[in-house]
Amino acid sequence: MRHIRKEFPGIVANDDITLQVEKGEIHALLGENGAGKSTLMNVLFGLYQPDGGEIWVKGQKVKITGPNVAGDLGIGMVHQHFMLVDKFTVTENIILGNEPRSGVKIDLKNARKRVKELSEKYGLNVDPDQKIRDISVGMQQRVEILKTLYRGADILIFDEPTAVLTPHEIQELINIMKRLVNEGKSIILITHKLKEIMACANRCTVIRRGKAIATVNVSETNPQKLASMMVGRDVVFTRNEEPYNPGKDVLVIKDLVVEDARKVKVIDHLNLTVKGGEILGIAGVDGNGQTELIEAITGLRKVSGGTIHLNGKDITNDRTRRITEKGVSHIPEDRHKHGLVLDFSIGDNMVLETYYQKPFARGGLMRFDEIKKHAQRLIKEFDVRTPSVDTPARALSGGNQQKAIIAREVDRDPDLLIASQPTRGLDVGAIEFIHKRLIEQRKKGKAVLLVSLELDEIMNISDRIAVIYDGKIIDILNPRETNEEEIGLLMAGHKLTGGTHHAESHEKQ
Amino acid sequence: MSLMQILEIIIPSAVLSATPLIFTALGGVFSERSGVVNIGLEGLMIIGAFVGAVFTIWFEHLGLGAASPWLSLVVAAICGGLFSLLHALACVTFRADQTVSGVAINFLALGLTVFLVKKLFQGSGQTPFIDYRIDKANVPLLHDIPIIGPLFFSHIAYTSYVAIIFSFLVWYVIYKTPFGLRLRSVGEHPMAADTLGINVSRMRYIGVVLSGAFGGIGGAVYVVTIATNFGPTTISGQGFLALAAMIFGKWNPIGALGAALFFGFAQSLSITGESIPLLKEVPSVYLLIAPYVLTILALAGFVGRAEAPKAIGIPYIKGRR
Amino acid sequence: MRNLMKSNKLSNALIPVISVLLGLIAGAVIMVISGYNPASAYWSIFQMVFMDPYYAGETFVTMIPLILSGLSVAFAFRTGLFNIGVEGQLLVGWLASVAAALAVPDLPKILAIPFCILVAAVAGGLWGFIPGLLKARFHVHEVITTIMMNYIALHMTNAIIRNFLFAKGEHTPVIPDNASLSSQFLTDLTTGSRLHWGIIVSLIGAFVMWFLLWRTTKGFELRAVGYNPDASRYAGMNVNRNIIISLVIAGAFAGAAGSTLGLGTYHFMTINGDFTGIGFDGIAVALLGLNTSFGVVLAAYLFAALETGGISMQSLGIPNDLVQVIIALIIFFVASSYIIKWAMARLKKGGEVS
């Protein structure tokens, strides 16, 4: 792929990227969330059309207009979010769209035979007759792999394949990948996990903010170097310069266990404490339990074990409204889905959690004059750009919507403010504003829990950094005594070999 | 009254009531399996019933005699399919709310057909009665078989056998052919189908048009076997009942067949209940509401989980990743 | 930014107007194809409805239950639910109001009427409760359950009348005067139509709906849940409970519609061979009225006028079922236009979130 460019409204996802993959190699594509790796591969797979650049496959220049064309060229994709029909069997999923026929019906016998053959050839070990919803995630992924092999793929793209696997399944997958390249296939591995790159990739191209930074031989590098290339050194914004004077414990989480629908522990005996007057930043790659942790604290998700205490009171599995009343505010990570009712006015959104309380309502009747007054004050104080209080929230820009949410949450003066990816998708000005507000809360002696996928943000404003991995807090660091590489390594599951950059010493006081 | 005699009364009556439902429910299966909710089955049956009456009369005038009702079934299929294109257009291309579109289809079908009837038959609210209906018959040879013969091969219209055969055919198509696999995939996980190169929109159009065709046949069958004419109240709830049968049958053609037979059975009991000793005691209202109550229970999970196709009701938008 | 906002509100209000126009035009086209004169058809409707006091009165008679039916559907829509069960809720309300009236022949009018209407609303509310519960607890789509409840109501009310409240003819005994909404004054005013005080009831209903939705905390909650159940949940609202409350209230409106039939239009309840159609028309009325109280009243009037006036077309030799067709087409246009609006809103949102 040469000089590929792909734009979306407002963002250049791929900016002049050149990628070269050889036969029989595992080529890793490394980058943070949002760097542009998936976009690039979607271009290769034909789901997107590039705005610039060209693609050459096996020495020929090609135009890949759709997944079928990609398939004909021997390119197959193993998706991060599996494209499998739950109700169908393994075989049915594999042959969908390319069904072998005998007369008018599907030749299921032949199909099963072929699936078994392929499965044995590459050591994939799947049962052709089981339904997708009854098999493990690891086996589901192998079905995805088989889909590509069934169609004769020679170039396989793996999109974040280990995101949902257990360590054991990850090892199995690495073995499978090695076997595939031994049989002459080429693999492009999209990932952010350094451990796996070191374990199985031949070469690695690092992508950062839409650009290709470098291509290296894995044998000539190490996780630290890769981490620094991935994370980069960027402009530093607002720093948290105030002296650190933590108060008493505001939020205490002990031994928390949260399970998902498949009874998998998404939070696995997690311990965490947030004190008054501090900003605790939770760093981690998306999918390691951050979302579920926040949902557990705010009462949106059931807790199966452990406890959560706020100011000494037990709020485990309490109702959301009660938790809010007890002094918790939450800036949700998806402002459109969870933060605002877009069709309501900004004014009405300002009281989404408090509309039933005085002075906004009396005797069950809404007092819109009070709501309006309140909203106007907030709009002014927090610089929310909107034509009027009655403008529907939908009409505001993302930054202003977020400012409105922050205004609402901060104004309640909560003892604990939870901010989930508060600056996602925002411009520099809005980001700065939001950081200022978070620091203000800290100054007032309140507790702030910040969850973010942006390492810069965490580094700049947190007093302590907790790294979450696989549903646990694996380490807590002092931002002044650590650096991006260390955190990057921890985020990728790579434990630190030594060093005393921990903030645990504060805890012991 | 012996059991045999009771059954000999009930079975033909049940099958007769059930047949229009079977056809329409099969249509519903095609549409909903592809992911498009079709509340408009009632309207499609109305179109079919209208065509059934009008074209039978017209064919009779042309001198086609006993073939008239059968031919009208074919025309009903075509007209139903065409009419359902409106629903497909609204739901697949315009991504309208599928339920609202279905309700609109029902209104439109009723208004249009009644208007046309008045236009065609000098202001009369109903069509005249057809001369040649598809009557109950005894299958030659088969009906002489002891026990089974009198029960299953006597006094049953041929259309009912067609319906049952169609059920198995539809089952075969949906579960054994590539087309069926793709249709189902589009209703369960359209994005997966899309990444495998299947044209989701086209599949959904086909599903909806097939539902129109089958619904049309269902309505026409009702006219040529039961009502023998068409008016504003000819089709009144059968479409919804067929919808319920489809849900009760868990979106499976054979299940829909069974459910439709069951509903037909319930309906016939309320009609023939007078002549049957035990049932005389049961107030007819219970038999009348039985199909509806059972559907609700089925949906609530009491009578086994009724799992709709996963992606039903959600317009598919390409490229949302 | 301000201009964008204004044009939005304007374009919203234009949709039903355009749909009506398109429907009328389409109807005119059909008339021309069939050999009729659309101008004279529409003029005769206009004349009948506006210039003849009897038919003007009858238009209101038709409009009364239609308003309440439309309110029921609109209220449900506003809270994110589709109430197709008005037909059934209306029937049980109708029966309940008649039964209540027959039970209290000695109560003074000022108490009897509100009492009977209340009973009807409760009955309708109960009929809405069941689908509401099924949706909240079992996630069963309310469209199917409400349709099923319609048929259950039809058969059950018929059975109850047959077995408990039978009088001569195919209906219940006539209700005593103390529960009747009719008035000699109104009848004389409109030269013998059946116009009754139900008009006040339905207008009160429109006010109640508006007040409930826009002035109370409950209404705020219901609207929030209707627009965005996820955000409402995050904000601490109890989504399931609100779903049930919403369908109960919607059912109550429909039940009240039934009471206007029992206490005003007919003074008894017939054994119904089929649905009244008021429930399905209510869906059209709600859509056309953009789910607002005021809109519903206007739309109900339009529908009532078309239906009543349609009779006048028959003297011109035009089947009045054409009115049904026109109404159906209007619904279709309204339904289709929602997509355009929706698509526009989505496009805007797509620009925000990159």
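**Figure 1. Surroundings of C:Met269 in the predicted model.** In this predicted model, C:Met269 is found in the loop that runs between α11 (239-265) and α12 of chain C. Because 26 other C-beta atoms lie within 10 Å, C:Met269 counts as buried, the cut-off for that class being 20 or more. When its neighbours within four places in sequence are left aside, the residues in contact with C:Met269 are C:Trp94, C:Leu95, C:Val98, C:Ile161, C:His171, C:Thr172 and C:Gly262. The view also takes in C:Phe166, which is 103 residues from C:Met269 in sequence, while the two C-alpha atoms are 9.9 Å apart in space.

**Figure 2. Burial of helix α12 of chain C.** The helix that follows the loop of C:Met269 is mostly covered, with 11 of the 11 residues of α12(C) buried. The buried residues of α12(C) begin with C:Ile278, C:Gly279, C:Phe280, C:Asp281 and C:Gly282, and continue with C:Ile283, C:Ala284, C:Val285, C:Ala286, C:Leu287 and C:Leu288. After α12(C) comes C:Leu290, a residue with a positive phi, near 55°.

**Figure 3. Packing of α4 against α12 in chain C.** Helix α4 (residues 86-103) of chain C packs on helix α12 (residues 278-288) of chain C with their axes 7 Å apart and at an angle of about 125°. That angle makes α4(C) oblique to α12(C), since angles from over 115 to 145 degrees fall outside the perpendicular and antiparallel classes. The crossing in which α4(C) passes α12(C) is right-handed. On the α4(C) side the contact is formed by C:Val86, C:Glu87 and C:Leu90, which meet C:Ile278, C:Gly279, C:Phe280 and C:Gly282 of α12(C). By class, the residues of this contact of α4(C) with α12(C) are four nonpolar, two polar and one charged.

**Figure 4. Packing of α2 against α3 in chain B.** Helix α2 (residues 41-61) of chain B and helix α3 (residues 67-93) of chain B cross at roughly 140°, and their axes come within 8 Å. The two helices α2(B) and α3(B) are therefore oblique to each other, and α2(B) passes α3(B) in a right-handed crossing. From α2(B), the residues that take part are B:Leu44, B:Ile47, B:Gly48, B:Val51, B:Gly52, B:Phe55, B:Thr56, B:Phe59 and B:Glu60. They meet residues of α3(B) that include B:Ser68, B:Pro69, B:Leu71, B:Leu73, B:Val75, B:Ala76, B:Cys79, B:Gly80 and B:Phe83. The contact of α2(B) with α3(B) divides by class into 12 nonpolar, seven polar and one charged residues.

**Figure 5. The contact between chain C and chain B.** This contact takes 32 residues from chain C and 38 residues from chain B. On the side of chain C that touches chain B, the elements that give two or more residues are α5 (109-138), α6 (142-164), α12 and α14 (321-352) of chain C. Among these elements, α14(C) gives the most to that side, with 13 residues. The residues of the side of chain C that touches chain B divide into 25 nonpolar, five polar and two charged.

**Figure 6. The contact between chain B and chain A.** Here 16 residues come from chain B and 16 residues from chain A. The elements of chain B that give two or more residues to the side that touches chain A are α7 (178-188) and α8 (190-195). The largest share of this side, five residues, comes from α7(B). By class, the side of chain B that touches chain A holds seven nonpolar, five polar and four charged residues.

**Figure 7. Chain A and the setting of A:Ser397.** Chain A has 18 helices and 24 strands, and along its principal axes its C-alpha trace spans about 75 × 55 × 45 Å. The radius of gyration of chain A, 25 Å, agrees with a compact globule, because one with 509 residues would have a value near 23 Å. Of the 509 residues of chain A, 49% count as buried. Among contacts in chain A between residues at least 6 apart in sequence, 69% join residues at least 24 apart. The close-up shows A:Ser397, which has its place in the loop between α13 (368-381) and α14 (398-411) of chain A. A:Ser397 counts as partly exposed because it has 16 C-beta neighbours inside 10 Å. A separation of 14 Å lies between the C-alpha atoms of A:Ser397 and A:Val341, which are 56 residues apart along the chain.

How values were computed. Residues numbered from 1 in each chain as written. Chains lettered and ligands numbered in written order. Predicted model: local features only at pLDDT ≥ 70, side-chain atom pairs only at ≥ 80, totals over all residues. Contact = placed C-beta atoms within 7 Å. Helix = DSSP H or I, 4+ residues; strand = E, 2+ residues; numbered from the N terminus. Nonpolar A, V, L, I, M, F, W, Y, C, P; charged D, E, K, R; others polar. Axes fitted to C-alpha atoms, helices over the stretch in contact; angles between N-to-C directions. Parallel < 35°, antiparallel > 145°, perpendicular 65-115°, else oblique. Left-handed = near helix turned anticlockwise from the far one by under 90°. Buried ≥ 20, exposed ≤ 12 C-beta atoms within 10 Å, placed from the backbone. Rg over C-alpha atoms; globule rule 2.2 N^0.38 Å.
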